[in-house]
Every structure is written in C-alpha cells, then in structure tokens.
Amino acid sequence: MDYTFAPSPAVSVPVTGQSRRFPVHRVYCVGRNYAEHAKEMGFTGREPPFFFLKPADAIVPAEAGQTIDIPYPSLTSNLHHEVELVVAIGTGGRDIAAADAHRHIFGYAVGLDMTRRDLQNDMKKQGRPWCIGKAFDQSAPIGPITPAAASGDIGHARIALEVNGRVRQQSSIDQLIWNIGETIAHLSAAWTLQPGDLIYTGTPEGVDAVVSGDLLHATVQGLAPLSVRIG
Ligand code: MN
C-alpha cells in the first residue's frame, strides 16, 4: 500500500505478564459515574450514563514502573485530575447484555482523564461540545493493562489518587453508579464495541487542579499503578 505520507503508528498499551501489547482502537469515557462526584459537579447522581470520546492518540501509555511526563496543556489555567478504572475490550460486540459483559473484557488498567476544567465549563455553559476540555493531546495517561483473570475482585477494589504524596481522591469501584457490566450494556447499544476499545469508567469525588511539577500516583487495588509528572 502506498500512502501520501507515513500513517500514524498504532497506539498500544503494555500488558502485565505478557510481551504482546494491547493495540488501542477507541477511547470511550463515562461522565459522572460516581454519586459523590456528580454532586460536586452540581448534579443529583441519578442521571442515566452518558459518554464522550478521546482520540486514541491522546493515550500516553506507561511501561511497568515508569513515571511518564505529560506537558501542562495549552489554553487552560485549571487542569484537573480524574483517576479512573479503565476497562480494555478484547472481544467486540453490540447490544451486549450486562450479564455477558465479562466475556468481552480483556483486562483492566488505571487511567487519568485529564481535563481542562475551565474550557469544559465554558463549553457546558454555551451548550457546546466538550472536546476542547477533554479530548486534547496527551489527555489520557494509562498504566499497564492487567488481564481480567489476574485482576482479582475488581468490582470491589479501592481506587485512589495521590498528588505529591497527599490523597486527593479515594473510593471503591463498588461506588460506580453504573457498574462495569451496565456501562458496557449502555455503551454497546450506542456503538459497536471493537477489540482494542478502552472505556474510562468515570471518576470518584475529589477532582482538583494540578500544576507544573506535580507528581500524580494513581492506583486501583490489584492493578499496576500509574505515575505521572506534569511538565
Ligand atoms: Mn472522567
């Protein structure tokens, strides 16, 4: 195949315990999926799930044990952290029942849905799309993917984020408003899921700003941690 210029390289994420990497197709994100976070954003926490996407090349994969650097992005003075459990889809499908969702899951990772909150809020006020607040370059750091069979009881795992050694966010995956199976059911009614899709499942309460030089340490019990330095 001849191209007018070299195609972009595939984006991929390391897999714990394997030499083969997980190639990324799409990056879906769930909005307001923990009640206490929905409340801190001014909502009741009872709304149906809703989704947005980030481009696949917004993913910044961390190798095992690596601290990755991401630049402080342009146009914002209110860059927020959102620690999230990420579900990696290994088998695609549409109209997947919540009870069958586990058959489609390759594994899990810890991710950060970095957010230009000032721009997101401006867009919200004007009823415009959130893309500029959410889908910017290098907005989706992710740790290595742990295969589902090695991930333990992910449905009850602790999720946490420390900034410079201080806990900013902590909750449990069982506090998700829409659990992993329900999220996949809703998502696959709207889009046909494909192998390589990543789903950022939403963040618990405690989102806040970071500044240049901050060190973020994100964890979900049972998974490889994620460390990010803001440039
Ligand atoms: Mn989020």
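User: Is E82 buried or exposed?

Analyst: This is a predicted model, where local features need pLDDT of at least 70, side-chain atom pairs count only at pLDDT 80 or more, and totals for chains, interfaces and linings use all residues. Residues are numbered from 1 along each chain as its sequence is written, and side-chain values use heavy atoms, without hydrogens and water. Buried means under 20% relative accessible area, exposed over 50%, partly exposed in between (1.4 Å probe, protein chains only). E82 has a relative accessible area of 4%, so E82 is buried.

User: Which residues are the protein donors of the manganese ion?

Analyst: Donors are N, O and S atoms within 2.8 Å of the metal (3.2 Å for Na, K and Ca); water is not among the atoms, so sites may look incomplete. Here the donors lie 2.0 to 2.1 Å from the ion. They follow the spacing E-x1-E-x28-D along the chain. They are E82 (OE), E84 (OE) and D113 (OD).

User: How many residues apart in sequence are the parts that E82 and D113 tie together?

Analyst: Strands (E, at least two residues) and helices (H or I, at least four) are DSSP runs, numbered from the N terminus. E82 lies in the loop between β7 (79-81) and β8, and D113 in the loop between β9 and β10 (115-116). So the pair ties together parts that are 31 residues apart in sequence.

User: Which residues of helix α4 are exposed on the other side from the buried ones?

Analyst: The buried residues of α4 (residues 180-190) are I180, G181, T183, I184, L187 and S188. They cover an arc of only 155° around the axis, which puts them on the same side of α4. That arc is taken from the directions from the helix axis to the C-beta atoms. Exposed on the other side are A189 and A190.
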